Each structure stands twice: as structure tokens, then as C-alpha cells.
Amino acid sequence: MSETLFKEVHYPLGALINDIGLGRIGLPDIQRPFVWTNAKVRDLFDSMYRGYPVGYFLFWQTGAEGVETKVIGDANKQKAPSLLIVDGQQRLTSLYAVIRREAVLRENFEREHIRIAFRPQTGTFAVPDATTERDPEYIIDISEVFNRPTHKTIGEYLKRLTAARKVSDAEEESVADAIGRLAGLTNFPFIALELSQQCTEEQVADVFVRINSEGKKLNQSDFILTLMSVFWDDGRTELETFCRAARQPGLAGQPSPFNAIFQPDPDHLLRVDVGVAFRRARLEHVYSLLRGKDLTTGASNPQNRAKQFDKLRDAQSSVLNLTYWADFLNIVRAAGYRNAKHISSVNALVFAYQLYLLGRTEYGVEGFKLKSAIARWLFMSLLTGRFTSSPESRMEQDLAELRELKTSDQFLERLAEVEVATLTDDYWTKTLPMELATSAGRSPALFGFYAAQTLLGAKALFSKSPVVDLLDPPAQGQKKALERHHLFPRQYLKNKLNIDSVRDINQIANYALVEWDDNIAISDGPPSAYWPEYAKRFGDEALTQMRTWHALPDNWWNMSYGEFLSARRPLIAEVIRAGYQKLT
């Protein structure tokens, strides 16, 4: 029989709660944020009150016990965490939050105190509502039962109850027993399986998936955020606060990360953190570094861990710097991308922000040159889907190329070399037109076309309003200011040309951006009918410019549908190329 990687340990609930409070057990949000409903927490306490088994916990030994006297970054905890919870986090969070009356973090990034009511007469639990709030037979929040002497809770409850109605001696005795039994849940027995500190993060993740019925697969960012929760909780809180603020308008006139382009999750900004701090993208390496492990020998050292967290802390101060953040978002806008809906890869934004910060803080690149270089890089990486497939491997490779660079000129030259090697003549004339032969609604090539039209100052088809103003309107009505119009209308293709495949009808090359009222007016008419009519709005020069902006071939309105698509795709590629050249 092979040696087991775990041992079985028995805990009363009170000991678990005490160890969390001291910091011996790290209670990070591996399955964050807290997703259990209050009703599920109610059911947990009900099952325990009835004496039912409620599952076990899976811990992972960190090997930190006895090494340090307090948790890094948290003066309130007296011990270094020797155990991290891997499975049962929601359950243990529920118990700790109610018994210690600690607020939990909800999915909307807001904190909430979980309240569970208890009716001693029947031994039943409830989620408080207007009815229970008015009912004197309920203890509205059982947290008070665990945080004050039991006799005092019993006395105050009976005083409140007798003020509402007559209470018999037998009922008083029954109430005292029920409240005492509830308070006694701190002695409820739990079994914990403790994984050896020799287990790798991959083994821990594998164990979790094998024993968890829901099969939530842990990833490396989960493990790093776990370590942040334990060793630098303030840092993780800063990430979450920043991400929440990026989604919600701040107070008028106050600095805020809120924007309509990049609303990151903590995972995204964590990747920026580690890229800036360690020039790493493979989070498995970063996780090992933050555990204080030497990547060569495999040995762990708490002093190394503290040094690595210092690096992460320094990097995060730049990542969350609102001046840098606003400057980067302006670069994204300068690259032609004005809305999160037209960003096909968040990873491209993540890496571009890494590059911006490295150029700004490490290589000292002049602001004007840096903004231009990052805008070109972002346009290139979004257009080509550079970080769409195997993004971590690609980021690792790109970061590795920067590790030996010393000067700002070398940094800029490296970015330019990648652009030149990626955006070749063959890419513009062959690859890109082929990538446009799709009906995908979120095609990088389609969004690149929009970005290019923005950069070129294009106006909407049949309109005098710039595309950029309509893509980013001051207000949004029931109709979008700008709509994608089928140049060969859908019903015309179906009814007149017998083309009914959605893939054929919704080809990128069959779309143009028009204002909503023009889209409605054109309806299902053929191009040969509506184009000459709408063309009368403009002179020859304006009409030629419009056809250039929208990549419309000569005499396109009289072409067959297949000829039109084939002729337009290379022209769209030319518009995108012109937009990119505008950045250079």
C-alpha cells in the first residue's frame, strides 16, 4: 500500500472557529465570493441542531507552524496559518460568519452580515423577514447566542416573551434547554482531512476535483488569491475594491477607476501584478515563489516568501495607481477601441497594461513614445487574437523576451519587432481577408474594422455623424444609435436569392454601420434600389470617401451576392491596415 498524502483529524466546531480567529487555519476564498444563500446557511444550522452529519473539511498543511509569530500583513492574527482550507470553504465561512458575526463578501462585492433566526419553542430556524421581526418567539439573530453568556440570552428572551404573553414554567424550562442546545453547537464534532505539505498545488487541485461532487476545478489564480487572503489580506481586498469601483460610477469630481472599456475581475489585475513583479505569466511559478519556494531546489523559506510578497506589493501599488490606470484607458481609446463590447480578448488588455506599466516604471520610456507603442501593440494583439489561444504560454514567451532588456530603446524596439513579424504583407493581403470570411458576431477582425473606422474619422454610412460618436453615445435609448445593417438585406436574400443560411446571410462583409432610422427605412429593399436613392444625399467626393471608409467596391450594388462578399473582404482589410498605419 502506497503512503497516504493525508491524515484524519477530529475538531469540535469551537476549536475550528478559534483556530481561524488566531490565524492557524487560513480561511481564504478559494470558491469566492461567498455564494451560499442565507437559506442554505439556515439549513446547515438546522442539520447540526438535529445532530445530523454535515460533511467534512479538507485542509492543506503549509508547513508554516512555529516559523513566524504573526500573519504577514495582519496584526490581528497571532499565528502563521499552518492549514489552508481546500474543500468546505463555504460551509466553514458560514459557520465562522454567524458564530463570530463577521460579514461575508457577496458576488456584487458588497459585504453582508448573515442573520439566522431561531424559535426555541419548536427548535426551528428561519431567515428573518417582516413576520419573524415582529414575532417575540424568535431570536432574530443567533449570533447573539454565541457571543454572550447563555443565561443572559435566556433571561432577555423570556423577559421579551412574557411581555407579550403568559409563559408557563414548563415552557421556560423548554426554552432554556433549546437555547442551551443551540449554544452547545460549538461542541459539534467535525472530521478534517489534512493534506501533507509535500502535496503540490496540482495534486491539491486534483484531490479537490475528485472528491467534490460539483467538480469546480481550481486554477492557479485561485491558489494565489488564497495566499493573498492568508498572508496579505489587505492586498486582495484592494484588488476587489478596485474591481468593484471599475463597475460603478464614483462620486462626481472624485478619482475613480470606473470606465466603459475595461472592467476587470481580481484575477485579471492579479495577472498584471505578477507580470510586473516577476516578469512571469505562468501562475504556477508565481504560486511557488509566493510560498517562498526556490524554483531550483524546491525548498521553502518563509523569508523568501516575505520578500516575494514585498515585490507583489510594490507592483500592485502601480497597477492600482489611478493616474496610470486612466492613462492606459486613454491609450485603449486612442487605439480605436471605445467600448468593452468590442474587446474580443480581455487577456490582450491585461498584457497591454503590463507592458504599459513596465515601460512607464521599469524602462522609463518617454510618455509620448510609450503611448504610441502600446496603442499599436494593443491594436495588433486584438486584431490577430494573439492572446486568444494558450494566452498564458504566449504571455510567458513575450515577458521572457523582456527580461534581458536594459533600456527604453530596447523595450520599444522589441515591441516593434513583434509587430513587424506579425503584421506582414501576407497577413494584410491573404490572412486577414480569409479571417473576414465568417459570420462570428465577436470576430477580432470585425472589431478591428470598427477601431480602424474610428481612427480614420469615418462617418456612418449615409450619415454625417462620425462612427466614434455613435459607437460611444452620450445616452442610450431603446434603439442603439448605430446598428449593423445588412447591405444585402436578410429578407431580400431569403425571398429573392433563396439564401437562407444564417452563416451566409450574416457574413461580416455583408454588414455596415448605419444610424438606426436609416436601417429601418432601408428595410428589405435590394441594394440596387436603395443605394442610388441614398447616394443622392452626397456629392461625388463625399460619396467616394464614404465608400472608402466602408470598403464598398465599385458598382457593388449591381454585383451578385457572392461577388460582393469576395470583393469587399480585401477592401475591409485595407481599411483596417490604414487604421493601424494611422497609429504609426
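Helices (H or I, at least four residues) and strands (E, at least two) are DSSP runs, numbered from the N terminus. With that naming in hand, select Val41, which sits in helix H2.

Before going further, a word on what is loaded. This is a predicted model, in which local features need pLDDT of at least 70 and side-chain atom pairs count only at pLDDT 80 or more, while totals for chains, interfaces and linings use all residues. Residues are numbered from 1 along each chain as its sequence is written, and side-chain values use heavy atoms, with hydrogens and water left out.

**Stop 1: Val41 and its surroundings**

Keep Val41 selected and show its surface. Its relative accessibility is 0%, so Val41 counts as buried (buried means under 20% relative accessible area, exposed over 50%, partly exposed in between, with a 1.4 Å probe and protein chains only). Now bring up its contacts (heavy atoms within 4.5 Å). Setting aside residues up to four places away in sequence, Val41 touches Phe34, Trp36, Ser94, Val98, Ile114 and Ile116. For a distance to draw, try Val41 to Phe125: these two are 84 residues apart along the chain, and their C-alpha atoms are separated by 9.9 Å.

**Stop 2: H2 against H3**

Two of those neighbours lead on to the next helix. Select H2 (residues 38-49) together with H3 (residues 89-99): their axes come within 10 Å and cross at roughly 85°. Axes here are lines fitted to C-alpha atoms, for helices over the stretch in contact, and angles run from 0 to 180 degrees between N-to-C directions. H2 and H3 are therefore roughly perpendicular to each other (65 to 115 degrees; under 35 counts as roughly parallel, over 145 as roughly antiparallel, and the rest as oblique).

Show side chains for Val41, Leu44, Phe45 and Met48 on the H2 side, and for Arg91, Ser94, Leu95, Val98 and Ile99 on the H3 side; these make the contact. Colour them by type and you get seven nonpolar, one polar and one charged. The classes are Ala, Val, Leu, Ile, Met, Phe, Trp, Tyr, Cys and Pro as nonpolar, Asp, Glu, Lys and Arg as charged, and the others, Gly among them, as polar.

**Stop 3: two positive phi values**

Step past H3 into the loop that runs to strand E5 (104-105), and pick Arg101 there. Its phi is near 50°, a positive value in a residue other than glycine. Most residues other than glycine have a negative phi. With 40% relative accessibility, Arg101 counts as partly exposed.

For another case, jump to Ser390, in the loop between helix H16 (367-384) and helix H17 (391-400). Phi of Ser390 is also positive, near 50°. At 48% relative accessibility, Ser390 counts as partly exposed.

**Stop 4: Ala163**

Is Ala163 buried or exposed? Select it in helix H6 (residues 150-164). At 71% relative accessibility, Ala163 counts as exposed. Draw a C-alpha to C-alpha line from Ala163 to Pro136 and you should read 9.0 Å, with their positions 27 residues apart in sequence.

**Stop 5: H14 against H15**

Next, select H14 (residues 322-334) and H15 (residues 346-362), which pack at an angle of about 120° with their axes 11 Å apart. That angle makes H14 oblique to H15. H14 passes H15 in a right-handed crossing (the near helix is turned clockwise from the far one by less than a right angle; anticlockwise would be left-handed).

Which residues of H14 meet H15? Light up Tyr324, Trp325, Asp327, Phe328, Ile331 and Val332; opposite them in H15 are Leu349, Ala352, Tyr353, Tyr356, Leu357, Arg360 and Thr361. By type, this contact has 10 nonpolar residues, one polar and two charged.

**Stop 6: around H14**

Trp325 has another partner to look at. Asn259, in the loop between helix H10 (233-245) and helix H11 (266-278), is in contact with Ala246, Trp325 and Leu329, leaving aside neighbours within four places in sequence. Asn259 is buried, with a relative accessible area of 10%.

Then find Arg338 in the loop between H14 and H15. Not counting residues up to four places away in sequence, Arg338 touches Ile261, Arg333, Thr454, Val468 and Asp472. Arg338 and Thr454 are 116 residues apart in sequence, yet 8.8 Å apart in space, C-alpha to C-alpha.

**Last stop: zoom out**

Show the whole chain as a cartoon: 27 helices and 11 strands. Of its 584 residues, 51% are buried.
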